[in-house]
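Let's take a walk through a protein model, starting with its empty spaces and ending with a few oddities in its backbone. Keep the 3D view open as you read.

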Amino acid sequence: MTTLSNTPWDKLEIGMEAEVRRVCRADDFFVFANITGNMNPKHFPRMKELEGTDALHEPVAPAMWVSTLISSALGNKLPGPGTLYKSHKVEFFERAHDGDELIVKVVLTEKLDNNVAKFACRVDTTSGKKLLEGFVEVFAPLEQMDYNVDDIPGMIVQRHVHFDKLLREAEPLPPMKTSVVAPESEDSLLGALLGADHTIIDPILIGDEVKIRAAAKAIGRDISSFELIHEPNHKLAAAIGVRLVHEGRAQAVMKGQLHTDELLGQVVKRDGGLRTGRRLSHVFVMDVPGLTHLLLISDAAINIAPDLETKVDITQNAIDLAHTLGMEVPKVGILSAVETVTPKIPSTLDAAAISKMAERGQIRGALVDGPLAMDNAIDIEAARTKGIHSMVAGQAEILIAPNLESANMLAKELTFIAHAEAGGVVIGAKCPIILTSRADDEKARLVSCACAALYAYKKPPA
């Protein structure tokens, strides 16, 4: 329990002081903008309005946000709970930036009439910059008060910093030649062109030329610089996309306006397809606000009711992708409804078997544990409450679901309820397969391309 205690008016003495420290975070600036309505882009990282100008740099902390930190020293420490502001006069000197640690200090200088206390206040950075200095007058509390702050609601900022990092890593790579099959609608064509705009992919457009050019006209884009192969039959267009990979002309395949089965049918066919010795599986790469890491979920799109052998491939595919996204030893939670092994729930048996296989080296490159219920897979306190001691429990970065339905529902719930962003890629073929949805926004489409590019360029040779 976190309890704050105050110092009432009659116990205040001249010279008393209090200090708090706070690290500036860009999330604080977004919260401040939403509270105050001050949308000055100087306070936000990488705002589109500033791209291509000298103003594109680390965000500057709003001066008034820095000034409000004085209230944390007064309201939490001295005089503490029950304090109310009377006046506030400060002068600003330097600017704070994202990542700076600030020292906020208040010193009692006078006790005035009507329980008014005057404090000298100052805010500095730990590096020695003086940010502000001045005086504050407050009405000090008259009675002793203790206050429990644990029940105050928290806040989660809907930012997707992990996806921003992936895009920064992918953009310097050489553009990946990509067979884009049937980009015949506005959204499917736009997904490919966004990847090209960010130099992540170099699309080869395959499909009905009339429909592709009509889609380009509808979104106001010139596609004359891109190779375009006319093939109105979707099955044949998918076959061409696969053939370009065999010919070395493409390093990835991207789904356009055709059914997933039509595309994957050409990918998995025995003669001329892109099969390897492993089952194909889809991996959702998710940036969930509030999580300190990427979250991978598999398989939500291809394997409907995978058996144990297929789940092993699903797990290894997700691990291999995680490595190329910067996770050296990812933590993998094999999900079920409960965390105990019981024959009545077959997914718990599969999870236990996969965990043991990982211990024996049959699954490589990760820490694997299961069965884990969703709560104790991602929440450390839930794992401790249930007495689960594991390197994975409460810290899972990859979640392997029992079947397609549960994986798909989990990913969609995170997207539409928890405001996560989700990119997707199919692993297990000779090249990554980029699957996008009409419901995907621009960043999700870009990240799908970025994940495929990072996998294609960084995966170890077979």
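In this predicted model, the second largest pocket holds about 830 Å³ of space. Its lining is made up of 38 residues, and Phe284, Lys412, Thr436, Ser437 and Asp440 are the ones nearest its centre. Several elements give two or more residues to that lining: helix 4 (186-197), helix 7 (260-268), strand 12 (281-287), helix 12 (404-416), strand 17 (421-427) and helix 13 (442-458). Which helix gives the largest share of the lining of this pocket? That's helix 12, with six residues. Sort the lining by class and you get 15 nonpolar, 14 polar and nine charged residues.

A pocket is open, but what about closed spaces? Rolling a probe the size of a water molecule over the atoms shows where empty space is left. Here there is one cavity of 30 Å³ or more, and the space in this largest cavity comes to about 40 Å³. Its lining consists of Ala61, Ala63, Val66, Phe92, Glu94, Arg95, Ala96 and Leu131. By class, six of these lining residues are nonpolar, none is polar and two are charged.

Ala61 also turns up in the surroundings of His43, as one of the residues that His43 touches. You'll find His43 in the loop between helix 1 (26-36) and helix 2 (63-76). Is His43 buried or exposed? It counts as buried because its relative accessible area is 11%, below the 20% cut-off for that label. Leaving out residues up to four places away in sequence, His43 touches Phe29, Asn38, Pro59, Val60, Ala61 and Pro62. With Val60 there is something extra to spot: a polar atom of the His43 side chain lies 2.7 Å from the backbone oxygen of Val60.

Now zoom out to the nonpolar interior. In soluble globular proteins, nonpolar side chains tend to be buried together. In this model the largest nonpolar core has 57 residues, and Leu166, Ile200, Val285, Leu296 and Leu321 have the most contacts inside it. Helix 13 supplies the largest share of this core, nine residues. Apart from this core there is another one, of 29 residues, including Leu12, Ile70, Val104 and Leu108.

Leu296 is a good residue to click on if you want to see how the largest core is put together. Not counting residues up to four places away in sequence, Leu296 touches Val283, Phe284, Val285, Ala318, Leu321, Ala322, Met327, Glu397, Ile398 and Leu399. You've met one of these already: Phe284 is among the residues nearest the centre of the second largest pocket.

For a contrast, try Arg364, in the loop between helix 9 (346-359) and strand 15 (367-372). Arg364 is partly exposed because its relative accessibility is 48%, and the range for that label runs from 20% to 50%. It touches Arg278, Gln316 and Ile319, again without residues up to four places away in sequence. Arg364 and Ile319 are 45 residues apart in sequence, while their C-alpha atoms are 8.0 Å apart in space.

What does the whole chain look like? The protein chain has 13 helices and 18 strands, and its C-alpha trace spans about 90 × 60 × 30 Å along its principal axes. Of its 462 residues, 49% count as buried. Among contacts with a separation of 6 or more, 71% are between residues 24 or more positions apart.

Last stop: the backbone. Most residues other than glycine have a negative phi, and most peptide bonds are trans. The table collects some places that go the other way.

| Place | Backbone feature | Value |
|---|---|---|
| Leu78 to Pro79 | cis peptide bond | omega about 0° |
| Gly370 to Pro371 | cis peptide bond | omega near 5° |
| Asn114 | positive phi | about 60° |
| Asn115 | positive phi | about 50° |

Where do they sit? Pro79 is in the loop between helix 2 and strand 3 (84-92), whereas Pro371 lies in strand 15. Asn114 belongs to the loop between strand 4 (101-111) and strand 5 (116-125), and Asn115 is found in the loop between strand 4 and strand 5 too. Asn114 counts as exposed because its relative accessibility is 63%, over the 50% cut-off.

Definitions and conventions: Residues numbered from 1 in each chain as written. Predicted model: local features only at pLDDT ≥ 70, side-chain atom pairs only at ≥ 80, totals over all residues. Heavy atoms only, no water. 1 Å grid on protein atoms, 1.4 Å probe; cavity = no way out; pocket = protein on both sides within 12 Å on 5 of 7 lines; lining within 4 Å. Points joined across faces, edges and corners; volume = space filled by probe spheres on them. Helix = DSSP H or I, 4+ residues; strand = E, 2+ residues; numbered from the N terminus. Nonpolar A, V, L, I, M, F, W, Y, C, P; charged D, E, K, R; others polar. Buried < 20%, exposed > 50% of the residue type's maximum accessible area, 1.4 Å probe, protein only. Polar contact = N/O pair within 3.5 Å; in protein donor to acceptor, adjacent residues only side chain to side chain. Contact = heavy atoms within 4.5 Å. Core = buried A, V, L, I, M, F, W, Y, C linked by side-chain atoms within 4.5 Å.
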